[in-house]
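Have the model open in your viewer, with side chains switched on. We will go from the disulfides to the nonpolar cores, one selection at a time.

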Amino acid sequence: VTPQAYVSLYQAMDSCYSVGKRLCTSEEWYLACSGPYGWKYPYGQVYERNACSTRDTSILKSGSKPECRGYYGNYDMSGNLLEWTSTKATENRQFNYVMGGFWESGTKSGCNDKRYSYFPENKHNPVGFRCCSDVPSGKNISGGKVSK
């Protein structure tokens, strides 16, 4: 499946809601990407040029780069597409953070890389989204579940 790009924040929120989920917060997104060890990239501390789609010419199908798999089994959190979050940017509350990197962001595609200058009502070519759901009560898991 090729991830959906060129969506506004509101379209991303609606898409998640339509399947009983919600847009991830930037904190959830970071934890899903960095894993329990706080890795800089989903696969470890050091940037690997060919591990993820960070030096390509367009979006790739999800999971097409097996090395771009994080600790929790999430693919493509570094590169391929930037992803909307529900978190308002502290630098400017009119914007929400987008996390990760996209197909040509190179080293600026780590788990803690975030941008906020994308207007939420506009569609942006390198921006997609990831949905989260709450963990059912009684489960011994911290944080939310992340899916693409």
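Start with the cysteine pairing. Counting bonded cysteines along the chain, the disulfides of this predicted model follow the pattern 1-7, 2-8, 3-6, 4-5. That makes 4 disulfides. Three of the stops below visit one each.

**Stop 1: Cys16 and Cys131**

Select Cys16 and Cys131. A disulfide joins them, with an S to S distance of 2.0 Å. Distant parts of the chain are linked here: Cys16 sits in helix H1 (residues 9-18), Cys131 in strand E6 (residues 131-133), and 115 residues separate the pair. Now look down the S-S bond of Cys16 and Cys131. The torsion is about -90°, so this disulfide is left-handed. Both Cys16 and Cys131 are buried.

**Stop 2: Cys24 and Cys132**

Stay on strand E6 and select Cys132, then add Cys24. Cys24 and Cys132 are joined by a disulfide, S to S 2.1 Å. Cys24 lies in the loop between strand E1 (22-23) and helix H2 (26-34), while Cys132 is in strand E6, 108 residues apart. Which hand does the disulfide of Cys24 and Cys132 have? Its S-S torsion is about 100°, so it is right-handed. Cys24 is buried, and Cys132 is too.

**Stop 3: Cys33 and Cys111**

Next, select Cys33 and Cys111. Their sulfur atoms are 2.1 Å apart and form a disulfide. This pair also links distant parts of the chain: Cys33 is in helix H2, and Cys111 is in the loop between strand E3 (96-99) and strand E4 (114-115), 78 residues apart. The torsion about the S-S bond of Cys33 and Cys111 is about -70°, so the disulfide is left-handed. Buried or exposed? Cys33 has a relative accessible area of 0%, so Cys33 is buried. Cys111 is likewise at 0% and counts as buried.

**Stop 4: the largest nonpolar core**

Leave the sulfurs and select Leu23, Trp84 and Phe129. Among the 16 residues of the largest nonpolar core, Leu23, Trp84 and Phe129 touch the most other members. Where does this core draw its residues from? H1, strand E2 (82-88) and strand E5 (127-129) each supply at least two. H1 gives the most, with 3 residues.

**Stop 5: a second core**

Finally, select Cys33 again, together with Met77, Phe95 and Tyr97. These belong to a second, separate core of 9 residues. Cys33 therefore appears twice on this tour, as a member of that core and as a disulfide partner of Cys111.

Methods: Residues are numbered from 1 along each chain as its sequence is written. This is a predicted model: local features need pLDDT of at least 70, side-chain atom pairs count only at pLDDT 80 or more; totals for chains, interfaces and linings use all residues. Side-chain values use heavy atoms; hydrogens and water are left out. A disulfide is a pair of cysteine sulfur atoms within 2.5 Å. Helices (H or I, at least four residues) and strands (E, at least two) are DSSP runs, numbered from the N terminus. Buried means under 20% relative accessible area, exposed over 50%, partly exposed in between (1.4 Å probe, protein chains only). A nonpolar core is a set of buried Ala, Val, Leu, Ile, Met, Phe, Trp, Tyr and Cys residues joined through side-chain atoms within 4.5 Å.
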